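Biologist: Could you walk me through this model, one question at a time? Keep it brisk.

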Amino acid sequence: MAPKKSKTEDFLLMETRHVTKTASALFYGNGFIVSALPVWLYCRVQMMDPLTYVVLFLAFTILSTWLVATAYKKVKIALKHKISLKREMAVSKEVMNEASKKMSRAEKDERVRWKKNEVADNEATRFSIFYNNTLYLFLVLMFFYFWQAFHPAINYVLSVTLSSFLVAFLSTGA
């Protein structure tokens, strides 16, 4: 028999499966910025001409953006419930201190649930972006030096592709 879930857990699980449009835009914006950083690295260090390799840079930046944004979403979904459980006591205490005495118990519980969901969502989003950016840039730099004997275009393709695929794969929790 499966353990019984509380109303709060059902609410959180329902909310964690979907990423809001704002969060999705944030993920794709951050994903594009972090995916475009290797272009600067290869243009400055490897002396690759941006106009000559514009198609290569665009194609792999778009692919990398999509994979990194997918990783952001997966890590956020995995972390949100864990964070909400850890922050439950602090959020409850804060909301109860701020709540008026005239509010009903059900109204206070609803505010606690809403605030806990909001805090968990914000923390999961920020940590997901930080974790995946750090991992992606570390892997790009590692592969950049690992394949420095190859032609710069091949080095770029291998570094960016493998880094973004590894970040996306590691975000699945496999």
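**Helix packing, cores and surface**

Modeller: This is a predicted model. Start with α2: its buried residues pack against α3, α4 and α5.

Biologist: Which residues of α2 are buried?

Modeller: Buried here means under 20% relative accessible area. In α2 that picks out Ala23, Ser24, Phe27, Gly31, Val34, Ser35, Pro38, Val39, Leu41, Tyr42 and Cys43.

Biologist: How far apart are the end C-alpha atoms of α2, and what span should its 24 residues give?

Modeller: The rise is 1.5 Å a residue, so the 24 residues should span 34 Å. The model agrees: the end C-alpha atoms are separated by 35 Å.

Biologist: Which residues touch the most other members of the largest nonpolar core?

Modeller: That core has 25 residues. α2, α3, α4 and α5 each supply at least two of them. The residues with the most contacts to other members are Phe27, Tyr42, Phe57, Tyr72, Tyr136, Tyr156 and Val167.

Biologist: Which residues lie in the other core?

Modeller: It is set apart from the largest core and has 5 residues. Among them are Val75, Leu79, Ile83 and Ala124.

Biologist: What does Tyr42 contact, leaving aside neighbours within four places in sequence?

Modeller: Tyr42 is one of the buried residues of α2. Contact means heavy atoms within 4.5 Å. On that basis Tyr42 meets Met47, Met48, Phe144, Pro152, Asn155, Tyr156 and Ser159.

Biologist: Is Ser128 buried or exposed?

Modeller: Ser128 sits in helix α4. Beyond four places in sequence, Ser128 touches Ala71, Tyr72, Val75 and Lys76. Its relative accessibility is 0%, so Ser128 counts as buried.

Biologist: Which residues does Arg87 touch, not counting those up to four places away in sequence?

Modeller: Arg87 belongs to helix α3. At 35% relative accessibility, Arg87 is partly exposed. The residues in contact are Val119 and Glu123.

Biologist: How far apart are the C-alpha atoms of Arg87 and Asn117?

Modeller: Along the chain, these two are 30 residues apart. In space, their C-alpha atoms are separated by 9.7 Å.

Biologist: How much accessible area does the nonpolar patch on the surface have?

Modeller: The patch is formed by Phe127, Phe130, Tyr131, Leu166, Phe169 and Leu170. α4 and α5 are the elements that give two or more residues to it. Together the patch residues have about 570 Å².

Biologist: What is the relative accessible area of Leu166?

Modeller: Leu166 lies in helix α5. Patch residues need over 30% relative accessible area. Leu166 is partly exposed, at 31%.

Definitions and conventions: Residues numbered from 1 in each chain as written. Predicted model: local features only at pLDDT ≥ 70, side-chain atom pairs only at ≥ 80, totals over all residues. Heavy atoms only, no water. Patch = residues over 30% accessible without salt bridge, like charges linked within 9 Å, V, L, I, M, F, W, Y side chains within 5 Å. Areas by Shrake-Rupley, 256 points an atom, 1.4 Å probe, with all protein chains shown as cover. Salt bridge = Lys/Arg side-chain N within 4 Å of Asp/Glu carboxyl O. Helix = DSSP H or I, 4+ residues; strand = E, 2+ residues; numbered from the N terminus. Buried < 20%, exposed > 50% of the residue type's maximum accessible area, 1.4 Å probe, protein only. Core = buried A, V, L, I, M, F, W, Y, C linked by side-chain atoms within 4.5 Å. Expected span 1.5 Å × (residues − 1).
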